[in-house]
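Trainee: I should like to study this structure by asking about its parts in turn.
Mentor: Please begin, and each answer shall be reasoned through.

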Amino acid sequence: MSTRRIDILGSALALTCACTIWLVPWVPVRFVAVVPLALVLPGHAMVRAIFAQGNGESQPTRSMQLALVLALSLVTLILGSLLLDLMPGGLQRFSWAALLVAVTIIAYGFSVRRRRLAAPDASVLPRLTDLRIGSALLMLLALVIAVGAFLGSRLLLPAPNATGYTQLWMLPAAGPVRGVEIGIECDQLHLTRYRVMIRHGGRLRVWRVDLLPGRKAVLTVPVRASRGYVTATLYRQHFKRPYRQVRIANSTL
Amino acid sequence: MTARLRFPQVAVLVAFGLAIVSAVDCLSRATLNPPPALYWLGVGLIVAPVVVRMLGGDLSLGERLALVVTFGLALYTVKLMRDPFAFTLADEFPHAYNAQQALIHHHLYTPNSFLPVTADFPGLAGATSALAQMTGMSFFGAGTLLLAAARVTFMLGLFTLLLAAGGSPKAAGLGTLVYAADSNFLLWQAQYAYESLALPLFVVVLACAAERLRCPPGQRRSWAIPLALMIAALVPTHHMTSYATIVLLLLLSITRLPRLKLLNDGSTLPFAALALLLAAVWLVSVASITVGYITPVVGQAIHSVYQTITREAPPRALFSGASNQSGPGNTLYEQALGGLSVLLSVTAVCVSLMRAWSEAGRRDVVKILLIAASVLYIPVMGLRFVPAAWETSVRLTDFLSIGVAFVVGWFPLEAFARLTRPWFARSTAVLAVVLMVVGGAVNGWSPASRIAKPTRILAAGRALDSPSFAVANWISRLPRGRVVAPEADAEPILLFGGKPVAAGATLAADQVLQMNALPTWALPLWRRGHVRYVVVDRRTDATSETDGFYFGTDAAGGYLEPRLPQGVASKFGRAHLSRVYTSGNISVYVLSGRP
């Protein structure tokens, strides 16, 4: 492939990626467009522009070129964020894509211009030669196992030895009614039966509720203005000792 | 051995290693207490095949690059599998908060109440926001992708640097693998924090400088642009790495060291000046808080070194991790692995030095600099015996290990690789690298921090969050106000609760929260500090920013949670504060205003 064609194709790819980011709402599709536009093309275009001229001695080695492609792409993101932060709209999807595509196309443009007098270069990326079907299948198998291992690590698992707990809270009730909102969330490992004793101004109210793990219940209790506290004491079934207690100063309601 | 094991087979074995580590993490999150040896087996299976293949002499440059990239990404995946749902390692919370705020406000520099200095170095948050906004992913997904790119950059940059300094692709490849013996490589350098992005750029700057010095003087102009751009990006990304870059570029400008047969023209001096200028401007105009952040750490380290040398204070016990790490310690064989790793590194450095000294011909400045870094590595490792200098030592070795990687790959390992007949010589080399890497990881983190632990579990088909995460989510519904909390709860409250926090030494938070009785000065101090809510946590782990926010386990699953006395919580009740939330160990009190 001629060097000029690489620059043109790179610019076209950057523009396509930017349009995809601007127009497509789906995350997986945009992800596919973002990876080259943000992490490869700006650096690739800059490496081609910077090292467009000169002989073999002044050219970076292949590993250096690869490192620079990634490093300069990261540099574009870092310095680009400082630049966009100064703009009125700040860091937005549209401004990011516009900035990256502009940097990329300008750099490829410099590359085209500077390469008029330069000798053709070797490709930055290593070629996939001698890749036999057996090897390709093995690498695919490795990829499947690695991705499977990672996805497996994301599985949500039961933890039989974890210590379960229960959340109890009390807040001023929302809305016009003067009162408190009392909530219980069961984070035990099994169904739990609760009894809540609510005391305020000499009154007592009992609230019974059964909750499965991960479920919560909320009760709003009207409260008259008085001195002292509104107190909620939570008991678990078959336990006489209080399990949780919260209280709130009546004067703050 | 090498002839039979080609890259595709290596990739499959590495993937199996990942599968084993994944299984260990799953068992650990399921509170089933997997044997640590299984974890090391998985890590070893990632390291060993790559080293075996790298020792081969018939590899193309492309294959060596593929090997180091695969190796780097595989070890990065080990960290990802530890935290597959959210960033939960040490400094990840405040950095994730910065990225989250950049996504919400579309601007950088939102104040960070937990680690204020991070807000003034917005390179990581800015780059993450680019990926998150363009893809539509969360900051977790975008940060993970960004750091994967940074890890690949690091591996390629390090390989290029070692190749430029030593000239041998095999030694460069082996050296790059040996760098993983740095105790921070497995977890710390893979965490979502500013150094994880800055260190790869630092290495590429060094590699650029090394390659530039190899060019004829008249053809170096092109290199100025990438060097200047990377220096400009390093400065707003991480303070220490940008300062290390200044020091490095200044050292690369040294032109005369007759006894060391130095070959250099001092042409990197303008880049050192540029780095110094940009760092100074950034420090004065944006990040002046950095001085107050770094000075006490360095001051305490120096003071502690003095105290340890003069025996005014006892030395630090090795393998005790950070002072705020908890849980059971390393087993005896893990401690042996850790010690062996350091011993191998130090021995390799000494052997290399003797060989380098007798080498004929002039040496270039990059080689001398890397050898000097490897020599400095030895006394810096000694700082791990000093209580307050331990952390400084760990951070410094991130940079100095580049020198160790060079000398170990350059001399001893390549010498091993040349011995083609005695197969055990190669096996010994492979074993040595595996021991160095595994032992290095042992030296870095306590067992409790190393393997995944449950922050979210499944019960009756529903997801349950750990108590620290639950209180953070609950606090998100409260009206705005500053929260005093122990560190393990403060970090999730900052990120998920969206409230400014005061933790650790700020407003004497840890001191007051752990007292049985409330000192008279505490509440007035907190009121003056605009504190509205107080979070009390009776778990002793609650002061650990690395281990405190997981589900507790009963004796069958590990160890019982040690608890502070009842008084640490009830003292606020005695002061007539409303307790509006409790989940047992954790309670929330309202200090001022309507809850």
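**Strands, helices and the contact between chains**

Trainee: Along strand β3 (residues 456–459) of chain B, which side chains point to one face and are buried?
Mentor: This is a predicted model. In a regular strand the side chains alternate between the two faces of the sheet. In β3(B), Arg456(B) and Leu458(B) point to one face and are not buried. The buried side chains, pointing to the other face, are those of Ile457(B) and Ala459(B).

Trainee: In β4(B), which residue is the bridge partner of Arg456(B)?
Mentor: β3(B) pairs with strand β4 (residues 462–465) of chain B in the antiparallel sense, over four bridges. The hairpin of β3(B) and β4(B) has two residues between the strands, and Ala460(B) takes a positive phi near 50 degrees there. Within β4(B), the partner bridged to Arg456(B) is Asp465(B).

Trainee: How many residues does α4(A) give to the side of chain A that touches chain B?
Mentor: Chain A brings 80 residues to the contact and chain B brings 92 residues. On the side of chain A, the elements that each supply at least two residues include α2 (27–39), α4 (62–86) and β1 (165–172). The helix that gives the most is α4(A), and its share is 18 residues.

Trainee: At what angle do α4(A) and α6(B) pack?
Mentor: The contact involves residues of α4(A), including Leu66(A), Leu70(A) and Leu74(A), and residues of α6(B), including Leu156(B), Phe159(B) and Leu163(B). By class, this contact has 12 nonpolar, four polar and no charged residues. The crossing of α4(A) past α6(B) is left-handed. The axes of α4(A) and α6(B) lie 8 Å apart, and the packing angle is about 140 degrees.

Trainee: Which residue in β8(B) stands opposite Leu168(A)?
Mentor: β1(A) pairs across the chains with strand β8 (residues 578–582) of chain B. That pairing is antiparallel and runs over two bridges. Opposite Leu168(A) in β8(B) stands Thr582(B).

Trainee: Which helix gives the most to the largest nonpolar core?
Mentor: The largest nonpolar core has 281 residues, and those touching the most other members include Leu37(A), Val51(B) and Val535(B). Leaving aside neighbours within four places in sequence, Val535(B) is in contact with residues including Val471(B), Ile493(B) and Val588(B). With 19 residues, the helix that gives the most to this core is α6 (residues 139–166) of chain B.

Key
Residues numbered from 1 in each chain as written. Chains lettered and ligands numbered in written order. Predicted model: local features only at pLDDT ≥ 70, side-chain atom pairs only at ≥ 80, totals over all residues. Contact = placed C-beta atoms within 7 Å. Pairing = 2+ DSSP bridges. Core = buried A, V, L, I, M, F, W, Y, C linked by C-beta atoms within 7 Å. Buried ≥ 20, exposed ≤ 12 C-beta atoms within 10 Å, placed from the backbone. Axes fitted to C-alpha atoms, helices over the stretch in contact; angles between N-to-C directions. Left-handed = near helix turned anticlockwise from the far one by under 90°. Nonpolar A, V, L, I, M, F, W, Y, C, P; charged D, E, K, R; others polar.
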